[in-house]
Amino acid sequence: MKGIIDRFEEDFAVVELEDETMKNIPKDLLPLEVKEGSVLIIDGDNIYIDEEKTEERKRKADKLLEDLFN
């Protein structure tokens with residue numbers, strides 16, 4: 001299952017899952033380098049960053065901002 005970190009609230013990351021539901025995941029279960037917008041691969045108790053999808057989302061967001069302000 002995949003999810004995107006929407007925001008952090010105290011000791012939890014609020015993650016939007018593929019089925020559009022939200023899940024609170026304790027920060028201490030996440031890789032240290034996660035940020036808002038990181039795409040996660042959730043495989044049982046193992047959680048990884050999907051680096052390729054995270055970078056793809058960042059490029060799209062940067063392009064939208066560039067188009068908006070230019």
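Author: Contact means heavy atoms within 4.5 Å. In the protein, residues 24 or more positions apart account for 29% of the contacts with a separation of 6 or more. This is a predicted model, where local features need pLDDT of at least 70, side-chain atom pairs count only at pLDDT 80 or more, and totals for chains, interfaces and linings use all residues. Residues are numbered from 1 along each chain as its sequence is written, and side-chain values use heavy atoms, without hydrogens and water.

Reader: Why is I47 called buried or exposed?

Author: Buried means under 20% relative accessible area, exposed over 50%, partly exposed in between (1.4 Å probe, protein chains only). I47 has a relative accessible area of 12%, so I47 is buried.

Reader: What is I47 in contact with, leaving aside its neighbours within four places in sequence?

Author: I25, L29, L30, P31, L40, I41 and I42.

Reader: Why does F69 count as buried or exposed?

Author: F69 has 65% relative accessibility, therefore F69 counts as exposed.

Reader: How far apart are I47 and F69 in space?

Author: They are 36 Å apart, C-alpha to C-alpha, and 22 residues apart in sequence.

Reader: What makes the nonpolar surface patch?

Author: L65, L68 and F69 make the patch, of about 370 Å². Patch residues have over 30% relative accessible area and no salt bridge (a side-chain nitrogen of Lys or Arg within 4 Å of a carboxyl oxygen of Asp or Glu). Like charges are joined within 9 Å, nonpolar side chains (Val, Leu, Ile, Met, Phe, Trp, Tyr) within 5 Å. Accessible areas come from the Shrake-Rupley method with a 1.4 Å probe; for residues, only the protein chains shown count as cover.
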